[in-house]
Amino acid sequence: MQERPYVISIAGFDPSGGAGLLSDSKTFEQSKVMGLGVCTALTLQTASQCLSLEWRPLDEVTEAIQVLMENYPVSAVKIGIVKDVGFLSKIVETIQKSNSEVKIVWDPVLKSTSEFTFFDLDTLPQLKNTINKLSLITPNYNEYSVLKENYLLPDTRQCALLIKGGHREDLLGTDILVENGKEILLVPAEDNMVYFPKHGSGCVLSSAITAELAKGKNMETSCRNGKLYIGKFLKSNSSLLGTHS
């Protein structure tokens with residue numbers, strides 16, 4: 001039997017299990033990859049609100065990444081909430097020092113849907129030095145607008161861009177993948193047009209895509225497969241906490 005590829009989620013701990021490390025871990029298991037995890041922050045939250053956030057020391061985060069990278073043949077890494085650009089760049093540097101070939105996906109969570117701010121926006125101008133070292137970023141429409149306003153979109157010949165369509169006014173649910181300067185529209189499957197809002201859906205999509213990249217799929221196929229996964233997740237039940245199948 002072929003061994004599953006290894007993937008790391010570097011993300012926050014959400015006790016509701018809907019987002020962050022627990023959510024990524026469920027997605028990895030269903031996507032048939034071996035999921036490893038490094039915690040960036042401890043949060044106290046439910047499916048509908050985030051109450052508090054405590055960042056873990058950066059040196060503890062990077063030490064954990066080093067240990068995992070040295071002991072497992074990691075193919076891809078998904079990064080979730082990070083404190084600021086310095087935090088992100090140190091994480092990326094640590095990953096690439098261990099293995100420069102690893103695919104890195106960053107889901108740039110700037111704020112939660114309930115308006116809890118995770119990321120220090122004052123550090124955004126420094127993002128230029130880091131963003132093109134990534135393989136893919138997956139901002140929602142609001143986050144994309146912030147990056148665009150600050151001239152911080154990646155060079156898509158180096159780092160692909162997936163603009164998630166869940167917050168769009170028009171064409172709701174249609175994502176746009178930009179790779180090598182070319183735009184590809186990813187439309188929801190016909191039977192996924194009716195769905196229920198879910199806590200952590202951005203985490204689930206980015207980790208599903210990361211799993212596909214780890215399995216050797218190209219960027220477009222990975223994003224299409226990730227979209228099929230999130231489609232099933234969004235209509236899994238009517239509550240804010242989705243189930244994985």
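Contact here means heavy atoms within 4.5 Å of each other. The structure is a predicted model, in which local features need pLDDT of at least 70 and side-chain atom pairs count only at pLDDT 80 or more, while totals for chains, interfaces and linings use all residues. Residues are numbered from 1 along each chain as its sequence is written, and side-chain values use heavy atoms, with hydrogens and water left out.

A good place to start is serine 135, which, leaving aside neighbours within four places in sequence, is in contact with Val102, Lys103, Ile104, Cys159, Ala160 and Met219. Serine 135 sits in the loop between H4 and strand E6 (136-137); helices (H or I, at least four residues) and strands (E, at least two) are DSSP runs, numbered from the N terminus. With a relative accessible area of 16%, serine 135 is buried, where buried means under 20% relative accessible area, exposed over 50% and partly exposed in between (1.4 Å probe, protein chains only).

Its partner alanine 160 belongs to strand E7 (residues 160-163). Alanine 160 counts as buried, at 5% relative accessibility. Apart from neighbours within four places in sequence, alanine 160 is in contact with Ser135, Leu136, Ile137, Pro154, Leu177, Val178, Glu179 and Met219. Glutamine 96 is 64 residues from alanine 160 along the chain, and the two C-alpha atoms are separated by 18 Å.

Attention now turns to helix H3. The 14 residues of H3 (residues 85-98), at 1.5 Å a residue, should span 20 Å, and this agrees with the end C-alpha atoms, which are 20 Å apart; the expected span is 1.5 Å times one less than the number of residues. At the start of H3, the backbone nitrogen of glycine 86 has a side-chain oxygen of aspartate 84 within 3.2 Å. Polar contacts of this kind are pairs of N or O atoms within 3.5 Å; within protein, one atom must be able to donate a hydrogen and the other to accept it, and residues adjacent in sequence count only if both atoms are side-chain atoms.

Val85, Phe87, Leu88, Ile91, Val92, Thr94 and Ile95 are the buried residues of H3. An α-helix has 3.6 residues a turn, so residues three or four places apart point the same way. The buried residues of H3 pack against strand E1 (6-13), strand E2 (34-45), helix H2 (58-71), strand E4 (74-79), strand E5 (103-106) and helix H4 (128-131). One residue of H3 that merits a closer look is threonine 94, which counts as buried at 9% relative accessibility. A polar atom of the threonine 94 side chain lies 2.7 Å from the backbone oxygen of lysine 90. Not counting residues up to four places away in sequence, threonine 94 touches Thr62, Ile65 and Gln66.

Two helix pairs involve H6. The axes of helix H1 (residues 20-30) and helix H6 (residues 201-214) come within 9 Å and cross at roughly 45 degrees. Axes are lines fitted to C-alpha atoms, for helices over the stretch in contact, and angles run from 0 to 180 degrees between N-to-C directions. H1 and H6 are therefore oblique to each other: angles under 35 degrees count as roughly parallel, over 145 as roughly antiparallel, 65 to 115 as roughly perpendicular and the rest as oblique. Gly20, Ser23, Asp24, Thr27 and Phe28 of H1 make the contact with Cys203, Val204, Ser207, Ala208 and Ala211 of H6.

The axes of H6 and helix H7 (residues 219-234) come within 8 Å, crossing at roughly 140 degrees, which makes H6 oblique to H7. On the H6 side, Ser201, Val204, Leu205, Ala208, Ile209, Glu212 and Leu213 meet residues of H7, among them Met219, Lys227 and Phe233. Lysine 227, placed in helix H7, is buried, with a relative accessible area of 13%. Leaving aside neighbours within four places in sequence, lysine 227 is in contact with Gly173, Asp175, Leu186, Val187, Pro188 and Leu205. Lysine 227 and aspartate 175 are 52 residues apart in sequence, and their C-alpha atoms are 8.7 Å apart in space.

Finally, two loop residues have a positive phi without being glycines: lysine 32, at about 65 degrees, and asparagine 180, at about 55 degrees. Lysine 32 lies in the loop between H1 and E2 and counts as exposed, at 52% relative accessibility. Asparagine 180 is in the loop between strand E8 (175-179) and strand E9 (182-186).
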